[in-house]
Amino acid sequence: MSLTKVTYSMISGAVYNPLDYGADPTGAANSSSAIQAAIDAAIAAGGGEVFIPAGRYKLSSSLKIQNTYADDVFIKITGVGQGNPAVSAASTYGTILVAQTGYIAIDMAGGNNTTLQDFGIIAGPTNPSTVGILMQRTLPAPYCAKNNFVRIAIGLPTNPSANGGVGTIAIMNRRGEHHHHYDCWYYADKCVVLAGSGQYPAIVSPDYPEYVIGGATLSLNYFDNVAFLGAGYGNNMEVYSTFGIKVDGGYFLAQGGFAQVLLGTFNTQFTVVDPQIEIGTGVPLGFVRAISNVKGLTISATTNISNLTGLLTSTGADVSGLNIRLGASFGKVVDTTTESGGGIYGSVIQYDSSLSQTVQSTAIFDSVILDGSVSTTKQIDIRTKNTGTAFCTGGMVPSSATVGTDVTASTTATYVCELNLSCSMLLTGAAILQGSTGAGNCTLYLLDYNGTQLAKTASFSVSGSTAQYVGNNFTTSYFAAGPGRYYIAAQFDSASNKFRAHALGFFGASSVASTYGVLPTLTPPTGFTANVGPIVSTY
């Protein structure tokens, strides 16, 4: 989380003061036209700063910063707030815009290269505004980009009927790109809506139509130490069809029945790091809720909310490339079952069993689950596609007796099991899942895809009465290049031993006649044969 104070120096150009155009800092008279005149003067001059002295300024119509795209025109609108305490303030409130427009307070349809800094926007007592700041691509100039918001505070009270039943919205961004929010404070039913697709089509600028390109996506918006304060109706942050969105630090106030971050349509590379989370009223659905596919999702959070889910998926939504790390007492790390969500693929899930965190055993595929507890044996839990059961490596912890099927070992057979490695790794040993009884010894061989021996274990005991992983180190460790396909061959010297065999169609298995301690010529299996090869792992 960044704690760097962001302060922008005055841009090139003259400074325009709305008081010179008749603005009323007492809030008694409408100041919309005066502030707008100062903004228009700065735009007409090719750039400049509009400085709004401390006071309360009534807005009866929207302020407009529209279609200002030019590489060398920069506009800055600044007030008196926490970032500028040395300026003599006529009011202890700093600079406050009291928005009584009935709709949008600041309309930035097509607004570009603009910095808003050190002032607040609140809804007025009559005809209160329901959207704090609107950004959107427009015709004829399509862009709405490169805008900065520094220490801006927006407070719009809850109003579920506003905006056609959407509720109040502090920041509404329709396909606007490359925007930065620093140390801001947003309070509304929906604090921030990022719409790269067609959500809430009625919320657009009344002055310009929205410019929609094929497959439009909103990209590169950053939120650094921003407070998302849900007013009580709606998700704190809604994100639809975006690319490269990052929330660094900040504060989320969770409300009952809603998510803190709702991911809809299709989103790529959404990151939220080190947020502070608190619960207001009721029980929230979860921190991040995916209702559509997400590719590249990073969640790193520390909180102490035992009934909050880190990631909740619904309506068949798949999440790929998830990297989630929750450092305190979340109720669940991930939940794909409550709302019939899809699967999690190609992901890294970190949890801590000492904090009562758990990870579900289903709907997680081709992924690695890591237990960060310092009080338990370390374990790397590999989840593989088309199986609902973890195939463990490393710690070789006891596995459930419901995995696989007991098979009596043959002393005249060599069992061959397919091993798929997702990456290059140093293999130091191998293990089998012993059956419910065992008495005897076993030798395991590592083979390449052509059946050539690469490494082997010494003979080791597999005696015992419970189903558990047992194994031994290779006599020489082997660096296996991946991704690639290898095989583990198993031999047993006692017919009283039992092992757990494949019953899930996980990977190929076969057996050939042999003598214990002698590896026969092996032809790699071409398909799966149920209840032949043991369940094996490497470490």
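User: What makes β36 and β44 count as a pair?

Analyst: Strand β36 (residues 425–433) is joined to β44 by three bridges. Two strands pair if DSSP finds at least two bridges between them, so the three bridges here are enough. The two strands run antiparallel, and one spot to look at is A431, which stands opposite S537 in β44. A word of caution: this is a predicted model, where local features need pLDDT of at least 70 and side-chain atom pairs count only at pLDDT 80 or more, while totals for chains, interfaces and linings use all residues. Residues are numbered from 1 along each chain as its sequence is written, and side-chain values use heavy atoms, with hydrogens and water left out.

User: Why are β40 and β44 said to stand at the edges?

Analyst: The sheet is open, has three strands in the order β40-β36-β44, and its pairing is antiparallel. β40 (469–480) and β44 (536–538) each have a single partner strand, so one side of each lacks a neighbour in the sheet. On average, neighbouring strands here are turned by 25 degrees against each other, direction ignored; those axes are lines fitted to C-alpha atoms (for helices over the stretch in contact), with angles running from 0 to 180 degrees between N-to-C directions.

User: What makes α1 a helix, and how do you know that its span agrees with the expected one?

Analyst: Helices are DSSP runs of H or I with at least four residues, strands are runs of E with at least two, and both are numbered from the N terminus. α1 (residues 32–44) has 13 residues, so it clears the helix cut-off. The expected span is 1.5 Å times one less than the number of residues. That gives 18 Å for α1, and its end C-alpha atoms are 18 Å apart, so the two agree. Just after α1, G46 takes a positive phi of about 85 degrees.

User: Which residues of α1 are called buried, and what covers them?

Analyst: Buried means under 20% relative accessible area, exposed is over 50%, and partly exposed lies in between (1.4 Å probe, protein chains only). In α1 the label goes to S32, A34, I35, Q36, A38, I39, A41 and A42. Their cover includes β1 (15–16), β2 (48–51) and β3 (55–59), along with β4 (63–64), β5 (75–78) and β6 (95–99).

User: What makes β10 "mostly covered", and which strands does β10 pair with?

Analyst: Of the eight residues in β10 (148–155), seven are buried. β10 pairs in the parallel sense with β8 (residues 114–123) over seven bridges, and I122 stands opposite G155 there. Three bridges join β10 to β12 (residues 179–182), also parallel, with N148 and H180 as bridge partners. Another three link β10 to β13 (residues 185–188), again parallel, where G155 stands opposite Y187. Set against the minimum of two bridges, the pairing with β8, β12 and β13 holds, so β10 has these partners.

User: Why are both faces of β16 called covered?

Analyst: A227 and L229 on one side of β16 (residues 227–230) are buried, and so are F228 and G230 on the other. β16 pairs with β13 over four parallel bridges, putting Y187 opposite L229. Three bridges also join β16 to β19 (residues 251–254), in parallel, and there L229 has L253 as its bridge partner.

Terms used
Contact = heavy atoms within 4.5 Å.
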